[in-house]
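Grab a viewer and work through a few side-chain exercises. Each one gives a task and then a solution in steps.

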2 protein chains.
Amino acid sequence: MIADQVMQAVSSERLQRLLETLATFGPGIDGGMNRQALSEEDLQARAWLIDEARKLDCKVWTDAGANLFIRREGREDLPPVMTGSHVDTQPTGGKLDGCYGVMAGLECLYALAELNVSTRRPIEVVVWTNEEGSRFSPGAMGSSAYVDPARLQTYRNNLDVAGISVGEALDAHALRFADLPLREKIATHAFVELHIEQGPVLEQANVPLGVVSGIQGVRWYQVRCKGASAHAGTTPTHMRRDALLLAMESLGRIDALAEQLAGDDKRLTFGRWSVSPNAINTIAGEATFSIDFRHADPAVLDSFDNALSACLPADAELTSLFSHSPTAFDHQVINVLENACDATGLAWQSIRSGAFHDAMYLAGHCPTAMLFVPSRDGISHNPKEFTDPAQLKAGAQALAWSLVALAEQP
Amino acid sequence: MIADQVMQAVSSERLQRLLETLATFGPGIDGGMNRQALSEEDLQARAWLIDEARKLDCKVWTDAGANLFIRREGREDLPPVMTGSHVDTQPTGGKLDGCYGVMAGLECLYALAELNVSTRRPIEVVVWTNEEGSRFSPGAMGSSAYVDPARLQTYRNNLDVAGISVGEALDAHALRFADLPLREKIATHAFVELHIEQGPVLEQANVPLGVVSGIQGVRWYQVRCKGASAHAGTTPTHMRRDALLLAMESLGRIDALAEQLAGDDKRLTFGRWSVSPNAINTIAGEATFSIDFRHADPAVLDSFDNALSACLPADAELTSLFSHSPTAFDHQVINVLENACDATGLAWQSIRSGAFHDAMYLAGHCPTAMLFVPSRDGISHNPKEFTDPAQLKAGAQALAWSLVALAEQP
C-alpha cells in the first residue's frame, strides 16, 4: 500500500537536518529559539522554506495574513489535504513547538518525492503566521484570519512593543515576497496538525503517539474578594473581615465544584494573585486571584459558569477574562490517524489537547484532527523543550501515512 | 483628695487646643499628619513643647537619643513618676497616635498648675523619639535606647530613604537645642502611657476606658512553598505540584494550630503574598506568604514556634523574620490605673495591647502600665483616626488621677 511505502521512506536524518536548519534562523538563549512572527529571522526562515519547496517542484502561495502554502499537486484537481503548523516561537522558546509540524510536513513531501509517487489529491504544507501571539496579539492570527478573513482588518491595527503594527509587518512581508502569488481560502479535504504534546501525559504513559480527540475549552475569571484592612495586632479574630481568608474559602468551594463536575479530568489553576496592602502586620483588605478552568465538554464548562458565583462571598467581584469553547475533532480524520498509528506498529492513545493550536481554527473550516508526540518532562515554551528523535520520526511517519491515506480518498 | 481635684481640673477645651496646635506642625494628606522623626516639623513641634514647659515653670532635658523630658518638681527629691508617648507620626498618620499621650500629659501639668498643688514626687512628661520607625528603623528607637543606651551606637548608622543617618539627625537636633541640658537614664518610680487603642475592642464594647494588662508577643515568619511551574492546560491534576495549593493546605493547618493554642484569643494574619510566575495559565512554581501570630502568653508563642514546621510541606522554607516576647505590665501600677478609672465614674475594662508602644521598653526599666481610650472604627495610622473629645477627656482625667496617686506614694 502506498501509505505504508511513504511512511517507510520518512527519514529521521533528513527530518533532524530540516529542524536544525530551521533553528539557524533566530537562535535564542540557552540553545533555544527567539523567532518572532514576521521578524527578519522569520522572513529568512520563510525564504529558505520557499527554496526547499521549489527544490521539491512544489507551488508556493501566500495570502493577506502572510500564511505560506506549499503545494504538491495530485493526480486529480480536488480539494487538497493540508498539514502544517507555525514557525514563530516564544521569546525563550524551543526548537520543536510548531516547527516540528512544519518540518515533518516537509519531510513527508521529501518522502513522496523520493518514491516519485503521486496521490489522488494535492497535499499542502502550510505555515500559519503568528501562532504564539508573543509579538502581536492575538495568537493563532494567521489561521484564524484564514478561516474568517474579516478578522484581519481588526488585527492589522495591533502593535508590537516597538509600536510596529500588524498591518505594517504584513505589508513588509508582501514587499519581500512580491514574487509569490496570492491566494484566498480554498475548499480543503482535511487538515492534520502534528505537534509536540507540551504536557507530560504521553511521556508518563510511555506511549510515543497520541491521536488528539479535541482541544479543551477554557474559562478565565478574575475574582476580587473584599475585606477590611486592619491592624494584625489590635483586631480580634471575630471582628476581622480578612480578604485573604475569604479568598481561601472560595478556593475550597471552587475546587469542590470543579471536582464534582470534572472528577479526574479536573484542570483548575489559581495562578495569579494580588493581595492588598500586602503587609505582614496588616489584615488583607483585598485579595484578587485568577481562575483557569478547562474541559472538553461544553456542558461542564457551562455548569462551571453557572455555579461559580455561588462559591464566592456575596460582595466579591467576578470578572470573565476569556472564554473559548471546546473543539471536537472530526471522527473520520481521527479514524485515519488511528489507522496511521497502528501502521507504525507503535503504541498510541487518545489524548485531548490542553493547549490551543492552529487546528482549533481550521476545525471550523474543514475536517480536522491532530497528532501528538511526547514532550520530555512535559516542558515547552522553554529552551529545554525536547522530544527523542525516534519519537519525532514516529510522529512524521504517522503523519505521512495519514496524508497519503486522506489524499487517496475520493 | 488631691487626685480627684486634679482630675476635675482637666480641661477638654485646653486638651483639644493642645492637640490642634501640635497638629499644625507637619500636616499631611486628607487632614491627617506627616511629622517624621527629627524632621524640621518635628523639631518645630519640640520647640513649641519646650516653650509650653517653660510657661509651666518646668525643667527640660534632652538626652543622646533626643528624648525630651519635661519635669514638674515635687515636694521631695524622689524618683519621678513619668508619663508620655511620641509625637512622630506615620507618613499618612492621624493626630492622636502618640500625640494624645503627650498632650494629655501636658494637660495634667496644666491642671496641676491651675490648682497650684504640689505632689510628693516629681512628675515628668516625656517625648520618646521615633516611635513609629517610619523614617528610621527600628521603631521605639528613643525609648529602647533610653532603657539600654548601648543600642544607640547601632541605631546611629541607620539611614532614612534620603541617605541621612540617625547619627546625623541626632547631631542636628543637639545643635538646634544646644541650650537644653543633657541627662542620662534615671531611677523612675513608675511610667504610665496613655494611648488610643488603635483597635475596635473598646468601641465595640461601648467602654470608654481600658486598663492595659500587657502587650502581646509576636512571631513573624515567612513560608516559601515550592511546586513545579507547568502549563495550566496541558498538565493533568494528578501530575501537578501546585505551590499555591500547598500554601493553602498549610494555611489550614496553621490556622487549626493557632485555634487550638489560642482559641478565641487567636490573632493570626497571612498578610503578605507572592506567587511565581503569577500568570493565569501557569501553575504556581512558588508561593510565599507571611505569618503574623500574636499572643500574651509566652508558652503559647513557644508552642506555636515548635509546631509550625509540622504544618508545612517537608521541603518548604520557613524563615523567622521577627520575634518579640509578651510584656506583662506591673500589677501595682495597674491597680492604681483601675482606681483612677473608678474615680472617673465611667465604665472601664482590662484589655491587652495588640500594638507595640514605648511602654514595652519602659517596662524593662521601672513599674509600667498603660491606659487606652477607644478608636473610632478601630482605625489608626490613617487620617481618619478619631476619638470622641469626651473620651479623650476621660482618658486624660484617668491619667491625671493616676499620676497624682503614684506621685503621692512614698
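**Warm-up: a buried arginine**

A:Arg219 has a relative accessible area of 7%, so this residue counts as buried. Keep in mind that you are looking at a predicted model.

**Exercise 1. Find the salt-bridge partners of A:Arg219 in helix H10 of chain A, and work out which parts of the chain they connect.**

Solution.
- Step 1: Start with A:Asp302, whose side chain meets that of A:Arg219 in a salt bridge, 3.5 Å from N to O. A:Arg219 sits in strand E7 (residues 217–226) of chain A and A:Asp302 in helix H10 (residues 298–308) of chain A, so this contact ties together parts 83 residues apart in sequence.
- Step 2: Go on to A:Asp305, which also meets A:Arg219 in a salt bridge, here at 2.8 Å, N to O. With A:Arg219 in strand E7 of chain A and A:Asp305 in helix H10 of chain A, the parts being tied together are 86 residues apart in sequence.
- Step 3: Check the exposure of the acids. A:Asp302 is partly exposed, at a relative accessible area of 40%, and A:Asp305 is partly exposed too, at 23%.

**Exercise 2. Which strands does the salt bridge between A:Glu286 and A:Arg224 link, and are its two residues buried or exposed, or something in between?**

Solution.
- Step 1: Get the distance: the side chains of A:Glu286 and A:Arg224 meet at 2.6 Å, N to O.
- Step 2: Place the residues. A:Glu286 belongs to strand E12 (residues 286–295) of chain A and A:Arg224 to strand E7 of chain A, so distant parts of the chain, 62 residues apart, are linked.
- Step 3: Apply the cut-offs: under 20% is buried, over 50% is exposed, and partly exposed lies in between. A:Glu286 comes out at 28%, hence partly exposed, and A:Arg224 at 22%, also partly exposed.
- Step 4: Zoom out. Over all chains, the structure holds 48 salt bridges. Some join up: A:Lys59, A:Arg71, A:Glu73, A:Glu124 and A:Arg183 are linked in a network.

**Exercise 3. Classify two ring pairs in chain B: B:Phe25 with B:Trp48, and B:Phe270 with B:Phe289.**

Solution.
- Step 1: For context, a search of the whole structure turns up 21 aromatic pairs over all chains. In one of them, B:Phe25 and B:Trp48 are 6.1 Å apart centre to centre with 35 degrees between the planes, which makes the pair tilted.
- Step 2: Locate that pair. B:Phe25 is in the loop between helix H2 (12–22) and helix H3 (40–55) of chain B, while B:Trp48 is in helix H3 of chain B, 23 residues apart. B:Phe25 is buried at 15% relative accessibility, and B:Trp48 is buried at 13%.
- Step 3: Now take B:Phe270 and B:Phe289: with centres 5.9 Å apart and planes at 75 degrees, they are edge-to-face. B:Phe270 is in the loop between strand E9 (267–269) and strand E10 (273–276) of chain B, and B:Phe289 is in strand E12 (residues 286–295) of chain B, 19 residues apart.
- Step 4: Check burial: B:Phe270 is buried at 2%, and B:Phe289 is buried at 1%.
- Step 5: Widen the view. A:Phe270, A:Trp273, A:Phe289, B:Phe270, B:Trp273 and B:Phe289 make up one aromatic cluster.

**Exercise 4. Over which rings does the charged end of B:Arg183 sit?**

Solution.
- Step 1: One is the ring of B:Trp61, whose centre is 4.7 Å from the charged end of B:Arg183.
- Step 2: Another is the ring of B:Phe69, with its centre 4.5 Å from that charged end.

Methods. Residues numbered from 1 in each chain as written. Chains lettered and ligands numbered in written order. Predicted model: local features only at pLDDT ≥ 70, side-chain atom pairs only at ≥ 80, totals over all residues. Heavy atoms only, no water. Phe/Tyr/Trp six-rings, centres within 6.5 Å; stacked < 30°, edge-to-face > 60°. Helix = DSSP H or I, 4+ residues; strand = E, 2+ residues; numbered from the N terminus. Buried < 20%, exposed > 50% of the residue type's maximum accessible area, 1.4 Å probe, protein only. Lys NZ or Arg CZ within 6 Å of the ring centre and 35° of its normal. Salt bridge = Lys/Arg side-chain N within 4 Å of Asp/Glu carboxyl O.
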